[in-house]
Amino acid sequence: MEYLQLDKVINAQALRSVEAGDEAHEEMLFIITHQVYELWFKQIIHELHAIMDDFDDGKVDERNIGRSVSRLNRIIKIQGLLIEQIEVMETMTALDFLEFRSYLFPASGFQSVQFRQMEVLLGLEREGRVKYFDADYDTVFDSPTQKKIRKWEAGNSLFSLVEDWLERTPFLNWKDFDFISEYEKSVSSMFEREKQEILATDILSEKSKAARLENLKHSESYFLKVLSKEEHQKQQEAGEIRLSYDATIAALLINLYRDEPILWQPFNLLRRLIEVDQLFTTWRNRHAQMVMRMLGNKMGTGGSSGHKYLKKTADEHHVFRDLYHIVTLLVPRNCLPVLPEELKKSLGFYFSAH
Ligand code: HEM
C-alpha cells in the first residue's frame, strides 16, 4: 500500500455541482479547504491525546511537562494556519458561493465530528454551550456518533486533568509557610504603600485623591475576596468560575514564582493553554466574520442563525478563561512574599541551589 495514500486524498473531491451537470468552479476550493482543516484537526486531536496521557496517571512526571509544552506549541502553530486559511476561503465571493450553496443543504460545519471532539477533549461542557433553536449540539449526528460524543464527555478532559494536576501542587503549605496568608499580607502592604503614596503626593487635588483611594479600596477588597475559599465557592456555584479554589491558588503561585526553575515549565504550560483557548476564539471570530461576508444575515445550512450564533460562540465558548483571570491577581515581584530558604532550594535546580 502506498505509504501516504495520496490516491485516496487526491481523489476525494466529489463536486456536487459537477454531478448536477452545472459545474461551479469555486466548489473545489470549498471542499479542499474543509478537507485540509479536517486533516489538521486530526493532528491536533493526536497531540491532545498525547498531552492528556501524560497527565492521566494521577501523577505527572515533571520531565513530561516540557514535552506537553512542545506539543501545545505545535497545536498553537497549527491554529495559526487554521486562522490564516480563512483568507484563502475569502478569495471566493458571496455570489460565487451562491452558485453551489444549495447543493450543500443540509450539510454544515455542525457536522464536523472532529471539531466537536477537539472541543470536548479540551473541556468545553455541554451545559455551557450556545444553543440553536433549543437543539443540543450533537443532534445533527447519527446515534453511534452521539454515543461516541457522550463517551468523550464522560471521560477526562485537558481541563479536568490540568485542574487535578494543579490541585496536587506541593508548595502551597510548606512546613510553616502558608502561601495564602503570606500572600494576603503582601497584598495588604502593597495597598498600604500605594495609599501612603497617594496621600503624600502634592500633584493630585483632594478630590482626585479621594477618588483614587476609593478605587484602591475596591481593588483591595477584590483581591481579598478572590483569595477567600467561601467566595470562590459562591462564584463557582453561580457558574461565574469553573476552576477549583485549590487549582486557582496553585496557578497563582506558579504565575507569581515563575522565575523559580521548577515552576518555569508549569508556567509555560499554563501560558500555552491560554494561548490555545485564545486562538480558538480568534478562529471562531474570523470564521464568523467570513460568514457575515458570504451570507450576510442569512441562516446557516445547518439551521442556526448563522453569523449571530457564531459570534456568540466566540464570546462564550472558552475553556481556560479562569487562567486569564489569574493575571488580575499578580503583584509586582518586589511585593512577593519571600520564600523560606529551604523551599527556595526545593524550587531550584539541584546544582544551582548550592
Ligand atoms: C464559505 C465558507 C463557509 C461558510 C459560509 C460557513 C458557514 C457556517 C455557518 C452559517 C455555520 C453555523 C451553522 C449553520 O447553521 O450552518 C457554520 C458553522 C461551522 N463551520 Fe463554517 N462556514 C464556512 C467555512 C467553514 C470552514 C472552511 C470550516 C472548517 C472546518 C468551517 C467549520 C465550521 C464549524 C466547525 C462550525 C460549527 C461551529 C460551532 O458550532 O461552534 N466552516 N459555518
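Reader: In this predicted model, which residues of α5 meet α13?

Author: In the predicted model, the α13 side of this contact consists of Arg 293, Met 294 and Leu 295. By class, the contact of α5 with α13 holds four nonpolar, no polar and two charged residues. The residues that α5 brings to it are Ala 94, Phe 97 and Arg 101.

Reader: How is α5 oriented relative to α13?

Author: The axes of α5 and α13 lie 8 Å apart, and the packing angle is about 80°. Angles of 65 to 115 degrees count as roughly perpendicular. The orientation of α5 to α13 is therefore roughly perpendicular.

Reader: Which description fits the packing of α9 against α10, roughly parallel or roughly antiparallel?

Author: Helix α10 covers residues 206–226, and its axis comes within 10 Å of that of α9. The two axes cross at roughly 175°. Since angles over 145 degrees fall in the antiparallel class, α9 is to α10 roughly antiparallel.

Reader: How many charged residues take part in the contact of α9 with α10?

Author: On the α9 side, the contact is made by Tyr 183, Glu 184, Val 187, Ser 188, Phe 191, Glu 194, Lys 195, Ile 198 and Leu 199. On the α10 side, the contributors are Lys 209, Arg 212, Leu 213, Leu 216, Ser 219, Glu 220, Phe 223 and Leu 224. Nine of these residues are nonpolar and two are polar, while the number of charged residues is six.

Reader: How are α9 and α12 set to each other?

Author: Helix α9 spans residues 179–200 and helix α12 spans residues 245–256, with 11 Å between their axes. They pack at an angle of about 60°, and their crossing is left-handed. That angle lies outside the roughly parallel, antiparallel and perpendicular ranges, so the relation of α9 to α12 is oblique.

Reader: How many nonpolar residues does the contact of α9 with α12 have?

Author: From α9 come Phe 179, Ile 180 and Tyr 183. From α12 come Tyr 245, Ile 249, Leu 252, Leu 253 and Leu 256. No polar and no charged residue belongs to this contact, and the nonpolar count is eight.

Reader: Turning to empty space, which element gives the most residues to the lining of the largest pocket?

Author: The largest pocket has a volume of about 1200 Å³. Of its 43 lining residues, Phe 30, His 34, Ser 108, Gly 109 and His 287 are the closest to its centre. Two or more lining residues come from each of α3 (27–54), α4 (62–89), α5 (94–104), α6 (113–122), α13 (261–295) and α14 (307–316). The element that gives the most, with nine residues, is α3.

Reader: How many residues in the lining of the largest pocket are charged?

Author: The lining of the largest pocket is divided by class into three groups. The nonpolar group has 21 residues and the polar group has 15. The number of charged residues is seven.

Reader: Which element gives the most to the lining of the largest cavity?

Author: Four cavities of 30 Å³ or more are counted, and the largest holds about 70 Å³ of space. Its lining is formed by Glu 119, Leu 122, Leu 124, Asp 277, Phe 280, Arg 284, His 317, His 318 and Val 319, which by class are four nonpolar, two polar and three charged residues. At least two lining residues are supplied by each of α6 and α13. The element that gives the most, with three residues, is α13.

Reader: How many polar residues are in the lining of the second largest cavity?

Author: The second largest cavity has a volume of about 60 Å³ and is lined by Tyr 37, Phe 41, Gln 79, Leu 82, Phe 115, Met 118, Leu 279, Phe 280 and Trp 283. Elements α3, α4, α6 and α13 each give two or more residues to this lining, and α13 gives the most, with three. Eight of the lining residues are nonpolar and none is charged, which leaves the polar count at one.

Conventions
Residues numbered from 1 in each chain as written. Predicted model: local features only at pLDDT ≥ 70, side-chain atom pairs only at ≥ 80, totals over all residues. Heavy atoms only, no water. 1 Å grid on protein atoms, 1.4 Å probe; cavity = no way out; pocket = protein on both sides within 12 Å on 5 of 7 lines; lining within 4 Å. Points joined across faces, edges and corners; volume = space filled by probe spheres on them. Helix = DSSP H or I, 4+ residues; strand = E, 2+ residues; numbered from the N terminus. Nonpolar A, V, L, I, M, F, W, Y, C, P; charged D, E, K, R; others polar. Axes fitted to C-alpha atoms, helices over the stretch in contact; angles between N-to-C directions. Parallel < 35°, antiparallel > 145°, perpendicular 65-115°, else oblique. Left-handed = near helix turned anticlockwise from the far one by under 90°. Contact = heavy atoms within 4.5 Å.
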